[in-house]
Amino acid sequence: MDIFWILLALITLVLAVAILAPLLAGKGETAPRAAYDMQVYRDQLAEIDRELARGVLDPADATTSRAEIGRRLLAADAEFTASQAATSAPRKLNMIAVAVLSLASVAGIFYTYGRIGAPGYPDFPLAERRAALAESRPSQDVAEEAVARNGLDDPAQFSPDPRLPELVAQLEAATADRPEDLQGQVLLAQFLPQLGRFADARRAQQRVIALKGTAVTASDYIELAELMISATQGYVSPEAEAALRQGLSLDGSDMRGRYYAGLTMAQTGRPDLALQIWTVLLQDSPPDAPYVAAIQAQIDNLRGAASTAPGQADISDLTAEEQAQVRSMVEGLAARLASDGGSADEWARLVRALVVLGEYDRARAIAAEAEVNFADNPEALALIRAEAANLP
């Protein structure tokens, strides 16, 4: 507590000295505009003399120009003299005024911090701060209401087939009479976004997932997360994050799911993990993937944020749910490769992801298993070994 106030006082003193020193030394004054104008006019007169000597200027024109510039020079000189007279008052009063204002500012800083700050308050660990942030995030419903209230969901920006609004209206009427019609809900979830009705589309997709039961797929959950994020103009709500986590637990290699996982990390204070997820995703994605341009537009800022983020390259301070989301991508891919096998690129991707997570022993084991599986494929072996070379 005492150390805090001492440090604050020292910092304030240094800042005050830095402000007052130039003024006390008399180095803070600058020449008035009139002095600059006078120099310009003198240069112009000298230029007239040079042009007249070279014979490129008519003597009569030179006389006229000298007269006009001379008039302006006299006016500037008069302005300069008046300015000097106005500023000739003792500087001592100005110094007193500056000192009083500086002291008042310092007092204001201490008073304001004493009222709204928390002197002596114990450290707030990063994990607890992140948990508090997660709890304070707006829900999906609240975010959608804000979008609608501010007119951000304007359907006029969409240009669907002119027949689509009528067809969707008929489909909505039919599904209202048959709420258990799975195909009808699937069609609504597909067509409503084309009308800009993302909130209605996400409700239809939620109904699809409920009706599918155990037949639900990773794509169903990730489609729901994408509709939720579209309905909130790019904000990842806790509900969207939960849907995303469900989808990635079923298929951790899903490209869209990995993009939105990175977006979630970027929005919840983990730019380092977002950068890791997106860097690997860019390596795995074709150049024309729909999310590539969005990543490229954000990744430079993300690198800057990640370079100063606490806990960089460390997921130990994530909440349990966030850790599950990151690891679900890896576990889904690992489970699929263990049961069904996969391409050399997928095995290499798994090794790369484990290296990013710092699971080096497991990455070595996966790389060794992949070498056995692709022992007769030199190109595949080269790919696997290139990823394994990143192991410490």
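Helices here are DSSP runs of H or I with at least four residues, numbered from the N terminus. The model shown in every view is predicted.

**Figure 1. Overview of the predicted chain, which has 18 helices and zero strands.** Of the 392 residues in the chain, buried residues make up 33%. Among contacts in the chain with a separation of 6 or more, 64% are between residues 24 or more positions apart. The close-up views below take up single regions of this fold.

**Figure 2. The largest cavity and the helices that line it.** A search of the whole structure finds one cavity of 30 Å³ or more, and about 240 Å³ of space lies in the largest cavity. At least two residues of the lining come from each of helix 13, helix 15 (320–340) and helix 16 (344–357). The lining consists of 15 residues, and those nearest the centre of the cavity are Ile 277, Val 280, Met 329, Val 330 and Ala 353. By residue type, the lining divides into 10 nonpolar, three polar and two charged. Two of the residues nearest the centre, Ile 277 and Val 280, are also listed among the buried residues of helix 13.

**Figure 3. Helix 13, a mostly covered helix.** In this helix, 10 of the 14 residues are buried. The buried residues are Pro 271, Asp 272, Leu 273, Ala 274, Leu 275, Ile 277, Trp 278, Val 280, Leu 281 and Asp 284. Two aspartates, Asp 272 and Asp 284, thus appear in this list beside the nonpolar residues. The length of the helix is as expected: at 1.5 Å a residue its 14 residues should span 20 Å, and its end C-alpha atoms are 20 Å apart.

**Figure 4. The aromatic cluster of Tyr 259, Tyr 260, Trp 278 and Tyr 291.** A search of the whole structure finds three aromatic pairs. In the pair of Tyr 259 and Tyr 291, the ring centres are 5.9 Å apart and the planes lie at 15°, so the pair is stacked. Planes under 30 degrees apart count as stacked. Tyr 259 belongs to helix 12 (residues 255–267), whereas Tyr 291 is in the loop between helix 13 (271–284) and helix 14 (292–308), so the pair ties together parts that are 32 residues apart in sequence. Both partners are covered: Tyr 259 is buried with a relative accessible area of 11%, and Tyr 291 is buried with a relative accessible area of 7%. Trp 278, another member of the cluster, is one of the buried residues of helix 13.

**Figure 5. Two buried residues of helix 10, Asp 220 and Met 228.** Helix 10 covers residues 218–231 and includes Asp 220; Met 228 is placed in helix 10 as well. Asp 220 has a relative accessible area of 10%, and Met 228 has one of 3%. Leaving aside residues up to four places away in sequence, Asp 220 touches Gln 205, Ile 209 and Lys 212. With the same neighbours left aside, Met 228 touches Gln 140, Arg 202, Gln 206, Glu 239 and Ala 240. The C-alpha atoms of Met 228 and Gln 205 are 9.8 Å apart in space, with their positions 23 residues apart in sequence numbering.

**Figure 6. The loop after helix 10, with Gln 233, and helix 11.** Gln 233 lies in the loop between helix 10 and helix 11 (238–250). Gln 233 has a positive phi of about 60° although it is not a glycine. Most residues other than glycine have a negative phi. Gln 233 is partly exposed, with a relative accessible area of 48%. Helix 11 has 13 residues and reaches 19 Å from its first C-alpha to its last, close to the 18 Å expected at 1.5 Å a residue. Buried residues in helix 11 are Ala 240, Glu 241, Ala 243, Leu 244, Arg 245, Gly 247 and Leu 248. One of them, Ala 240, is touched by Met 228.

**Figure 7. Surroundings of Ile 69 in helix 3.** Helix 3 comprises residues 59–86 and contains Ile 69. Ile 69 counts as buried at 10% relative accessibility. Residues up to four places away in sequence not counted, Ile 69 touches Tyr 41, Gln 44, Leu 45 and Ile 48. Ile 69 and Gln 44 are 25 residues apart in sequence, and their C-alpha atoms are 7.6 Å apart in space.

Conventions:
Residues numbered from 1 in each chain as written. Predicted model: local features only at pLDDT ≥ 70, side-chain atom pairs only at ≥ 80, totals over all residues. Heavy atoms only, no water. Phe/Tyr/Trp six-rings, centres within 6.5 Å; stacked < 30°, edge-to-face > 60°. Buried < 20%, exposed > 50% of the residue type's maximum accessible area, 1.4 Å probe, protein only. Expected span 1.5 Å × (residues − 1). Contact = heavy atoms within 4.5 Å. 1 Å grid on protein atoms, 1.4 Å probe; cavity = no way out; pocket = protein on both sides within 12 Å on 5 of 7 lines; lining within 4 Å. Points joined across faces, edges and corners; volume = space filled by probe spheres on them.
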